[in-house]
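Me: I am new to this structure and would like to go through it step by step. Could we start with the ligand?

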Amino acid sequence: MTDPLMHTYGRLDVAFEKGEGAWLVDDKGRRYLDALSGLGVVALGHANQAVANTISNQAGALLHTSNLYRVPWQEKLAAKLAQVSGMDNMFFANSGAEANECAIKISRLYGKQRGIENPTIIVTESSFHGRTLATLTATGSRKVQAGFEPLVNGFVRVPFNDAEAVRKVAKNSNSIVAVMLEPVQGEGGIKVPDENYLKELRAICDENEWFLVLDEVQSGNGRTGTYFAYQQSGIMPDIVTTAKGLGNGIPIGVCLARGKASEVFKPGNHGSTFGGNPLACAVGYTVVSEIVSRHLPERAAELGDRMLAGFRERLGKRNNVKNIRGKGLMIGIELDEPCGELVQKALEKGLLINVTADKVIRLLPPLIISDEEADQIVNMVCDLVEAV
Ligand code: PLP
């Protein structure tokens, strides 16, 4: 029989049936420690009771009405996110890529409103912004783009963590409207920029009246030690996007805007059938409330420090380990050669990890893991690296 699924994923041969906290159980009853949270999504852990209750209550009350009418859960979640982020208003979508599409459209329309004919957005090398045509064009990876040309116009690329390169573009172009980047690169290999990078970009954007657009689809929702990663840099973006951890598994994305960026769209400029439906927003509200009231960003910072110290102690002097880095519970261990096979080896030992950028072991565990679970992840990953 032919496979009825399109071949878009290289899947591991395992199927999970249930989960609890940081643990998953497969269809043969085997338990796995989840150090990946479904690629940074299940921040509150699997089968979180508050999320389950919200889904069940909301499913019994109302799932969908459309954006032709007021959606009270959208308004409540927006007020909550505005409070935790300092942003002014927002648009709800269904995924990270869609949230970024919204950010790109706001930036372009802002350019058009200022008389710029070909609004252009500066993006960075080794970035990841999604798989739609505009977001894959913004993505700094040939692998993601190859075969889908013609790509979308209106992007120029600079190296990541290089504010000077952005200054140079500013001198040579009158079409720039925004700089778009991840404050910590995820798919690119958990790359943490220098402390002043965002501040410098903020200053360049201010000098040139550009928007600073931060993609916090992966780094947001407490993962790096604050609700959003930019909150550690003492700056405010004009636009920030997030998704993944916001729904703990229910699809939701959001594009938040501030100041001038919050006034660009007018009715008719953007929309989505499903975006911001009562179910997704009720869940988002529960997730944000849990993250904040349980102080999970602070906990992520503490756990991240603990895990990085553990990795550095055991792996710091190994020749095959090039770098150990991270912010909160976004952790990367870069080896000196491609190490994709470690994902299968970890699975066989009952641990879920990921390898990105060919050589970087990526860990994005749920924010609710215990100290013991964090130590267990460190020990298991160290065993794997030592056996390479
Ligand atoms: N932006 C970043 C930083 C991401 O890490 C991802 C997904 O990995 C995306 C955007 C795309 O999100 P989605 O897969 O929900 O479209």
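Me: Which residues come nearest to the ligand?
Reply: In this predicted model, 13 residues surround the ligand, and those that come nearest are Gly96, Ala97, Asp215, Gln218 and Lys244.

Me: What kinds of residues make up that shell, nonpolar, polar or charged?
Reply: The shell around the ligand has 6 polar, 4 charged and 3 nonpolar residues.

Me: And which helix gives the largest share of the shell?
Reply: That is helix α4, residues 96-113, which contributes 3 residues.

Me: How far is the side chain of Asp215 from the ligand's nitrogen atom?
Reply: A polar side-chain atom of Asp215 is 2.7 Å from a nitrogen atom of the ligand. Oxygen atoms of the ligand are also approached: an N or O atom in the side chain of Lys244 lies 3.1 Å from one, and a polar side-chain atom of Glu187 lies 3.4 Å from one.

Me: How much of the ligand's accessible area does the protein cover?
Reply: On its own the ligand has 390 Å² of accessible area, and the protein covers 80% of that.

Me: Glu187 came up just now. Which residue of strand β15 is in contact with Glu187?
Reply: Arg362, which is found in strand β15 (residues 360-363), has Glu187 among its contacts. Beyond its neighbours within four places in sequence, Arg362 also touches others, including Gln218, Leu36, Leu39 and Ile331.

Me: Is Arg362 buried or exposed?
Reply: Arg362 counts as buried, because its relative accessibility is 2% and the cut-off for buried is under 20%.

Me: What about Pro365, where does it lie?
Reply: Pro365 is in the loop between β15 and α12 (371-386). Its relative accessible area is 0%, so Pro365 is buried.

Me: Which residues is Pro365 in contact with, apart from its sequence neighbours?
Reply: Leaving out neighbours within four places in sequence, Pro365 contacts Asp34, Ala35, Leu36, Ser37, Arg223, Leu329 and Ile377. Arg223 is 142 residues away along the chain, yet the C-alpha atoms of the two residues are separated by 9.1 Å.

Me: Changing topic: how does the span of helix α3 work out?
Reply: Helix α3 has 14 residues (72-85), so at 1.5 Å a residue it should span 20 Å, and its end C-alpha atoms are indeed 20 Å apart.

Me: Which of its residues are buried, and what do they pack against?
Reply: The buried residues of α3 are Gln74, Leu77, Lys80, Leu81, Ala82, Val84 and Ser85. They pack against β4 (89-93), β10 (253-257) and α9 (278-293).

Me: What comes just after α3?
Reply: Gly86 comes there, with a positive phi of about 80°.

Technical notes
Residues numbered from 1 in each chain as written. Predicted model: local features only at pLDDT ≥ 70, side-chain atom pairs only at ≥ 80, totals over all residues. Heavy atoms only, no water. Near = heavy atom within 4 Å. Polar contact = N/O pair within 3.5 Å; in protein donor to acceptor, adjacent residues only side chain to side chain. Areas by Shrake-Rupley, 256 points an atom, 1.4 Å probe, with all protein chains shown as cover. Helix = DSSP H or I, 4+ residues; strand = E, 2+ residues; numbered from the N terminus. Nonpolar A, V, L, I, M, F, W, Y, C, P; charged D, E, K, R; others polar. Expected span 1.5 Å × (residues − 1). Buried < 20%, exposed > 50% of the residue type's maximum accessible area, 1.4 Å probe, protein only. Contact = heavy atoms within 4.5 Å.
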